[in-house]
Amino acid sequence: MRITLLAGGVGAARFLRGLMAEAPDAQLTVIGNTADDITLFGLHVCPDLDTVMYTLGGGISEEQGWGRDGDTYSVLSELAAYGAGPDWFSLGDRDIATHIHRTSMLAAGLPLSSVTRVLCQRWQPGVELLPMSDDRVETHVVLPGQGEGERTVHFQEWWVRMHAQVPAAAFVFAGAAEATPAPGVIEAIENADVVLFPPSNPVVSIGPVLAVPGIADAVRAKTVVGVSPIIGGAPVRGMADACLAAIGVPATAAGVAAHYGPELLAGWLVDDQDKQAADAPELAGIAVRALPLYMTGVPATAAIARAALALAAELAR
Ligand code: GDP
Ligand code: CA
C-alpha cells in the first residue's frame, strides 16, 4: 500500500510513528512543510523536515519533541558572548551539524530535495521525506500596526520569540505562488492509495504545502482522510488556535474540517469529545468518525492510524 502524507513537525512525526507501527509494509511518502524554514547565523534550518527525520530516525529529543537528543549549547553560548543574535531560537550543537551540512550542500548547488535525501541516508527514517518544494517559501506573519501601519515578521519570530501572543492579522506564504513542487511530490500524491493529513497545524503546516501550485489539485483528486489536531476546542500542544483565530476559523475539530472543506477532505477523525462534529451541517460531505485522538504513545497512535486507513478504505469503495 502506498500512503502519502502532508506534514508539519511534531504532530506529524508522532502520527507517523503510529502509522509505521500499524502499517509496517506500507510505502510512505512524507511531503514536509518548508515554509517554517529560517536562515540563522547563515545556516539553513528546516524545523519541520528535521523533526520528522530525527523522530523517525531515533535522534529526537523526546522531552522537547524537536531538536537532537542529548544536545548541548556551546556554540549558541559562544555566539551570545559575541553579542551575535538572534538569541531567541534555540540551536543545539548536534543540531547545528545538520544545518552546517545542509547549508554547505545547498551552497554547492544541490536542491533541498537532494540535500534532504543525503541527510536521511544517515537517519534512515523509513519514509521517503520530500520537501514540498525546492524553491524558497516562507511564512510571514502580518501584525496589526500601532500607528505607523502593519508590520511583518518571519513566522519563527512570531511563534518562538513572541509565543504567538501578539494577535496575527494574516499569514503570507511568501514565494509560494511562484514555487513548484519538489521532484516526486505530485507523483507521490497521484500514485498514493490514500492521502493522509496527520494532526498538523492546518494553517501554517498543511496550509503552505497546499499553497504550492499543483499540490492542492493533485490532493483533491484523491481520497483524503485527516486527523483533527484540535481536541475539545484546543490544540493538544502548541498554539494552533492563535493561527486559526487569525484566519477566522473556529478552533474546533469541526471548524478545521470545514476550513479544508469537502472538496479536499473525504474523511475526518475527531476525538470522542468532539463527536457532535459528525452532525455539523458545515461538514456535509465529509465522513466523520470519533475515537480517542491523544497520541499518548505508539499503541494509542497506531489505533488512530488504523482508524484513518479503515475510513479511507471504506470511502474508496
Ligand atoms: P509543528 O510544525 O511542530 O507545530 O507540528 P505540526 O504542525 O505537525 O503539529 C502540531 C499540531 O499537532 C498541533 O496543532 C497540535 O494540536 C497537534 N497535536 C499534538 N499532539 C497531539 C495529539 O496527541 N493528538 C492530536 N489529535 N493532535 C495533536
Ligand atoms: Ca512547524
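Which polar side-chain atom lies 3.1 Å from an oxygen atom of ligand 1? In this predicted model, that atom belongs to Asp48. Good morning, colleagues. I shall begin with the ligand and then turn to the protein around it.

Asp48 is one of several residues to consider here. A polar side-chain atom of Ser200 lies 2.6 Å from an oxygen atom of ligand 1. Ala12 takes part through its backbone: an N or O atom of its main chain is placed 3.1 Å from a ligand oxygen. As for burial, ligand 1 taken alone exposes 600 Å², and the protein buries 91% of that area.

Where does ligand 1 sit? The space it takes is the largest pocket. Around the ligand there are 20 residues, and those that come nearest are Pro199, Ser200, Ser205, Pro229 and Leu293. Ser200 therefore deserves a second mention, since a polar contact within 3.5 Å is the criterion here, and its side chain has a polar atom 2.6 Å from a ligand oxygen.

The composition of this shell may interest those of you who set up calculations. By class, the shell holds 11 nonpolar residues, seven polar residues and two charged residues. Which element gives the most to it? That is helix α1, covering residues 10–22, with three residues.

Helix α1 brings me to the second topic, the salt bridges. The whole structure contains nine of them. In one, Glu22 pairs with Arg306, and the closest N and O atoms are 3.0 Å apart. Glu22 lies in helix α1 and Arg306 in helix α12, residues 298–316, so this pair ties together parts that are 284 residues apart in sequence.

My last topic is backbone geometry, where two places should be inspected on the screen. The first concerns Gly85 and Pro86, which are joined by a cis peptide bond with omega at about 5°. Pro86 is found in the loop between α3, residues 74–81, and α4, residues 93–107.

The second place is Gln124. Its phi is near 45°, which is a positive value in a residue other than glycine. Gln124 is located in the loop that runs between α5, residues 112–123, and β5, residues 128–131.

To close, I return to the ligand: the protein buries 91% of the 600 Å² that ligand 1 exposes when taken alone, and the space it takes is the largest pocket. Thank you for your attention.

Definitions and conventions:
Residues numbered from 1 in each chain as written. Chains lettered and ligands numbered in written order. Predicted model: local features only at pLDDT ≥ 70, side-chain atom pairs only at ≥ 80, totals over all residues. Heavy atoms only, no water. Near = heavy atom within 4 Å. Polar contact = N/O pair within 3.5 Å; in protein donor to acceptor, adjacent residues only side chain to side chain. Areas by Shrake-Rupley, 256 points an atom, 1.4 Å probe, with all protein chains shown as cover. 1 Å grid on protein atoms, 1.4 Å probe; cavity = no way out; pocket = protein on both sides within 12 Å on 5 of 7 lines; lining within 4 Å. Sits in = over half its atoms within 2 Å of the grid points. Helix = DSSP H or I, 4+ residues; strand = E, 2+ residues; numbered from the N terminus. Nonpolar A, V, L, I, M, F, W, Y, C, P; charged D, E, K, R; others polar. Salt bridge = Lys/Arg side-chain N within 4 Å of Asp/Glu carboxyl O.
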